[in-house]
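Here are a few exercises to work through with the structure open beside you. Try each task on your own before reading the solution.

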Amino acid sequence: MTFDLLIGLLSVALLTATPVLMAMLGETLTQRAGIINLGVEGQMLVGAAAGFAATHSSGNPWLGLLVGAAAGLMLSTVHALLCLQLGVNQIASGLALMFLGNGLSSYYGTPLVGQQIDGFTNMAQGSLAQLPLIGHFLAQLTPTVYLGFVLVVLCGIFLYRTQWGLIWRAAGESADALHMLGRHPGLIRLVAILIGGAFSGLAGAALSVDYTRTWVEQMTAGRGLLAVGLVIVARWNPWLVLPVALIFGLSEALSLRLQSTGADISPYLLGTLPYVVPLIVLLLSYRASQRGTAMPQELAGVFRGMA
Amino acid sequence: MTLSNLQGISSRLTVPVIGAAVFLVLAAGFFYANGYAPLDIFGQILQGAFGNAFSINTTLTKTIPILFCALATALPARMGLVSVGAEGQLYFGALIGTAIVLHWTAAPLWQLLPAALLLTLLGGACWGAIPGMLRAGLGVNETIVTILMNYIGIQLVEYAVYGPWKDAGNLGWPATIAFPDSAKFPVINIGSLSSNWALPLAILIALALHILVEKSRWGTGLSLLRSNPRVAKLAGLSYPQQVIAIMAIAGSLAGLAGYVQTANVQSHLQPDISSGYGYVGFLVAWLAGQNFLRIIPVALIMGGLLSAGDALQLMAQIPFSSTLILQALLFISVLSVSAWQQKRRNAA
Amino acid sequence: MQIQLNNVSKKFGSVQANDQVSLAIGDSEVLALLGENGAGKSTLMKVLYGYYQADGGQITINGETVAITSPKDAMAHGIGMVFQQFSLIPALTVLENLLLAYPGAPAWHSRKNTQQVLTLLAEFAPGVAPNRRVAELSVGQRQQVELVKVLNQDARLVILDEPTSVLAPEEVQRLYGVIHKLVESGRSVVIITHKLEDVKACAHRVAVMRSGRLVSDTDARQITAEQIVALMVGDTVLQSVAHTRPDADSIVRVSIRNLHSQTDTLHLDNINLDIARGEVIGIAGVSGNGQDLLADALTGMATITSGEVLLDGEVLHSHEQAVPHDARQGYIPEYPLKNAVASDMSNSLNLALRRLKQLSLFPRWRELDTHADELMNRFDVRPRNSKLASGRLSGGNLQKLVIARELSESRQFVVACYPTMGLDLHATQAVYDAMFRQANEGAAVLWISEDLDDLLRYAHRIAVIYHGRLAGIMPAVSADRVQLGHLMTHGALQ
């Protein structure tokens with residue numbers, strides 16, 4: 001009985017963590033190149049709206065994910081323009097993106113409110129569901145969760161096992177050193193912002209097309225911000241993104257579970273869990289993450305709050 | 001007026017003037033792309049902001065919380081802190097202020113209002129001090145913490161009004177009992193203009209902060225802490241202590257915004273205290289260059305924009321979210337122009 | 001490879017860093033490029049390396065004029081440079097740093113295909129494991145890895161920028177050996193330095209620069225040390241430095257007891273030291289052994305985990321209290337731009353910093369300006385603009401500003417951490433004069449320096465810091481360079 005409970009909890013946790021995971025991966029790559037983008041929230045929102053619209057009109061959830069990623073990428077060009085080209089402060093630029101993404105998604109998403117879509121076909125009939133023991137568990141997951149796993153592996157291998165990944169990491173540590181070697185950290189950072197935008201857009205689409213299968217204004221409710229904060233907890237390491245995203249996932253799953261069991265705790269208080277728990281984890285690990293060489297050094301000024 | 005004086009003034013005007021120009025182009029582009037005639041819309045916006053007595057009063061009403069929230073952003077910014085937490089501080093301040101109103105409902109104005117304000121200040125101060133302490137003690141980036149705490153603050157208010165403080169007499173509508181007049185800021189009526197005493201209070205605080213920050217030793221200390229916290233130690237200043245103090249003061253100012261909205265505008269504590277005034281306030285502070293004097297007119301203009309947004313939604317069926325886009329475009333315009341000017345200066 | 005620099009000029013703002021310099025570098029030779037700090041030698045080599053672009057003149061290699069617009073171009077021509085501020089990335093491992101700079105690095109990293117960058121490691125950086133993070137290496141080891149990085153790119157000319165200034169005497173000897181090895185293998189070496197021992201040990205030719213011009217270019221055997229110094233210094237009249245003598249009664253002024261302190265990367269262990277009135281204690285040591293933490297802890301800028309600093313018998317700083325702004329203390333920290341001034345605030349304000357709390361709530365700012373003007377005059381800080389942001393001052397003038405603030409009033413305890421690093425002769429003299437004047441008037445002075453010669457010349461006693469501990473202390477008059485060198489590298493006497 002309890003085993004089923006735990007499995008149920010874990011599968012919900014994975015489902016709800018996947019958008020955060022994807023956003024975290026994108027922001028990890030961006031920060032590894034030396035740029036912080038608080039606009040992830042805005043990028044997720046446009047991705048959610050655009051992805052939902054695409055799935056609604058085409059009936060194809062995969063197209064929704066693709067369009068969502070494209071929308072996020074397009075919005076991220078604003079951050080690239082402001083920070084890289086004009087030299088605007090990264091925190092301010094990210095916030096501007098957050099406002100813009102919020103506004104654009106709310107405005108263009110107005111006709112989408114209340115619409116419904118089918119989402120991904122149920123995995124319960126597939127071959128994975130036939131596996132012994134874990135089949136039942138795997139069937140509760142959706143293709144986007146598996147996509148998330150694949151992306152984790154791709155990012156991990158890219159950063160730590162390829163020459164381009166090495167150069168990418170060097171851009172986040174010392175733009176000067178790269179200049180000396182005749183490379184262009186600016187170009188790498190541009191690509192990093194765009195890829196981060198694509199990942200965030202994908203994350204938003206995963207949220208609206210797969211997890212909730214609806215569109216509501218401001219539906220990401222801070223997940224993008226959490227993702228940026230949790231990148232620090234994951235020590236900018238793609239391999240750690242999954243367990244850390246699960247911190248959020250489990251908090252949310254727990255909160256939902258407690259609400260549905262009719263527990264006497266107000267759903268609004270429970271609703272603070274997915275914010276409070278990751279925040280506390282962030283605080284506990286903050287000191288430790290500043291120590292040693294885990295943080296890309298080009299971010300040092302931004303994080304120490306030199307506005 | 002010497003040449004360098006003129007040059008000085010013109011360089012200071014560049015950002016607002018060119019920024020406004022860029023904004024108008026972008027805004028016009030947005031409206032045009034959505035099938036509206038830009039000049040038409042601009043006209044309606046002006047009408048909805050300042051066109052008649054009703055518009056002006058709506059503008060003034062919205063200016064009050066915007067102004068408080070802008071002050072709550074600009075003060076930490078003078079120390080180099082980027083706080084986006086006015087929204088949450090607004091909610092939490094309102095929550096704590098409401099507590100005493102609910103328990104002391106029968107008290108007279110000269111007792112109840114000051115008590116409520118005091119508790120609001122304390123509540124807002126707490127909500128602001130928390131990110132301050134985390135920044136001072138652990139070095140955690142205050143931008144991320146303040147925004148996350150916004151969501152938590154809103155949830156806490158929802159908990160209260162859907163739960164223990166819900167007025168049964170409201171037929172399911174989540175809100176507290178109505179606030180008595182003794183809990184509200186007294187109204188000011190001049191001709192057809194109508195506002196309340198929170199407005200002059202906010203303006204007075206802005207002026208006081210301006211003088212303190214620009215001319216006093218304390219203000220210079222803030223600039224020093226912003227410039228180099230380590231070197232500030234040599235002047236006997238403690239960065240951790242100052243961070244907490246400033247964030248607490250900022251929080252209490254935003255809390256006041258929450259209280260005015262709750263008591264005077266909505267008369268109940270309810271889930272939607274604010275139409276994002278915390279974020280609008282943040283924007284106003286940036287647009288005004290974190291200058292307390294300039295914040296006053298900029299807050300008024302923003303109040304006008306939001307008031308017009310209401311009107312646009314009503315008359316032209318343009319969703320209120322268009323004002324969100326306009327605000328974002330304005331922010332981006334000013335950021336770009338100011339960065340571009342800085343680039344030109346550095347190249348010289 | 002014959003390299004010729006022809007009439008190279010380079011200007012930074014109003015400063016002519018290089019003025020029509022013509023210099024030739026031939027095969028298999030060691031050229032020592034000498035000059036005071038600010039003479040332009042580093043700039044010249046950075047132009048050759050493509051880090052800067054010359055305003056005038058050209059570079060030819062083997063007779064052909066070449067355009068070197070970036071370090072990448074320079075490396076393609078076989079020119080490599082090992083910098084003072086190293087260009088290794090501390091967070092990455094040795095292997096990763098070498099791969100990053102390797103021209104033909106493989107796209108996919110496996111254990112096998114990354115071996116190629118490590119072939120020279122054993123020879124030129126013995127004892128350095130490829131998978132260690134550069135952050136964990138000592139300064140000397142980092143320099144070795146930098147050299148391997150440069151050699152991996154097939155450099156025929158290796159430029160070393162002030163290589164010996166960060167090394168202990170033993171490591172310096174090892175470096176000379178490496179230079180000989182490089183020359184024997186057919187490469188050329190340019191060593192930028194201001195130390196005469198470097199010339200004596202390995203140079204074939206000596207070129208001296210002064211104020212941006214090349215003033216001499218001769219065979220090393222045909223010039224004497226005195227002549228070199230004269231050329232470096234020119235006809236500058238040196239201000240005499242106030243020489244000091246400790247008080248005859250040696251009353252202890254500052255007492256450091258069992259001081260412990262800790263940061264993420266550094267630590268101080270059990271520092272015990274007494275400084276008498278009027279005494280100048282010099283602290284020698286290889287950089288990275290805790291010097292800046294020592295200076296910070298002694299002045300209350302870093303947390304003291306246990307122990308205390310006593311001034312005239314009372315506790316000044318301890319775990320419970322730290323008073324960095326105490327008026328009896330004067331502090332000249334390392335990296336003044338970052339640690340001693342608020343760079344975007346005016347000179348007036350930076351000069352009034354220590355007194356900020358004593359000002360009234362609404363101070364008369366004009367008075368501060370007048371006071372600043374007076375101080376800037378006295379200490380020759382240029383440009384004499386009290387409203388200018390301090391960050392715009394050049395290195396020497398900035399340090400003079402800091403001196404003007406810290407040492408213009410009588411202090412009882414002065415801590416100076418690398419106060420003359422990177423300064424030209426004039427500025428150096430001004431700093432020493434101010435410091436030792438304080439000592440003459442009874443202050444206890446603790447002076448951390450990278451220059452053993454200056455320490456031996458001016459300090460009364462010299463202590464060596466090693467791994468956060470004081471490894472030994474001796475009177476300067478009887479101090480032995482070899483002994484000090486050994487203490488610096490091994491922490492104990494033979």
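**Exercise 1. How many helices and strands does chain B have, and does its radius of gyration agree or disagree with that of a compact globule?**

Solution. Keep in mind that this is a predicted model.

1. Begin with the elements: chain B holds 13 helices and two strands.
2. Next, take the overall extent. Along the principal axes, the C-alpha atoms of chain B fill a box of roughly 65 × 60 × 35 Å.
3. Now set up the expectation. For 348 residues, a compact globule would have a radius of gyration near 20 Å, and chain B has 21 Å, so the two agree.
4. Look inside: 53% of the 348 residues in chain B are buried.
5. Finish with the contacts. Of those in chain B between residues at least 6 apart in sequence, 77% join residues at least 24 apart.

**Exercise 2. Work out which side of helix α6 of chain A is buried and which is exposed.**

Solution.

1. Check the helix length. α6(A) runs over residues 143-161, and at 1.5 Å a residue its 19 residues should span 27 Å; the end C-alpha atoms are 27 Å apart, so expectation and model agree.
2. List the buried positions: A:Thr144, A:Val145, A:Gly148, A:Val152, A:Cys155 and A:Leu159.
3. Place them around the axis. These residues cover an arc of only 100°, which means that they sit on the same side of α6(A).
4. Recall the geometry behind this: an α-helix has 3.6 residues a turn, so residues three or four places apart point the same way.
5. Turn to the other side of α6(A), where A:Val150, A:Val153 and A:Leu154 are exposed.
6. Ask what covers the buried residues of α6(A): the cover includes α1 (2-32), α7, α9 (185-211) and α11 (238-260) of chain A.

**Exercise 3. Describe the sides of chain A that touch chain B and chain C.**

Solution.

1. Start with chain B: this contact takes 42 residues from chain A and 40 residues from chain B.
2. On the chain A side, the elements giving two or more residues are α3 (61-85), α4 (90-108), α10 (223-233), α12 (267-270) and α13 (273-290). α4(A) gives the most, with 12 residues.
3. By class, this side of chain A has 27 nonpolar, 13 polar and two charged residues.
4. Move on to chain C, where the contact takes 15 residues from chain A and 20 residues from chain C.
5. Here α7 (163-173) and α8 (175-180) of chain A give two or more residues, and the largest share, five residues, comes from α7(A).
6. The classes on this side of chain A are six nonpolar, six polar and three charged residues.

Terms used
Residues are numbered from 1 along each chain as its sequence is written. Chains are lettered from A and ligands numbered from 1 in the order in which they are written. This is a predicted model: local features need pLDDT of at least 70, side-chain atom pairs count only at pLDDT 80 or more; totals for chains, interfaces and linings use all residues. Two residues are in contact if their C-beta atoms, placed from the backbone, lie within 7 Å. Helices (H or I, at least four residues) and strands (E, at least two) are DSSP runs, numbered from the N terminus. Ala, Val, Leu, Ile, Met, Phe, Trp, Tyr, Cys and Pro count as nonpolar, Asp, Glu, Lys and Arg as charged, and the others, Gly among them, as polar. The radius of gyration is taken over C-alpha atoms; the globule rule is 2.2 Å times the number of residues to the power 0.38. A residue is buried if 20 or more other C-beta atoms lie within 10 Å of its own, exposed if 12 or fewer, and partly exposed in between; C-beta atoms are placed from the backbone. The expected span of a helix is 1.5 Å times one less than its number of residues. The arc is that of the directions from the helix axis to the C-beta atoms.
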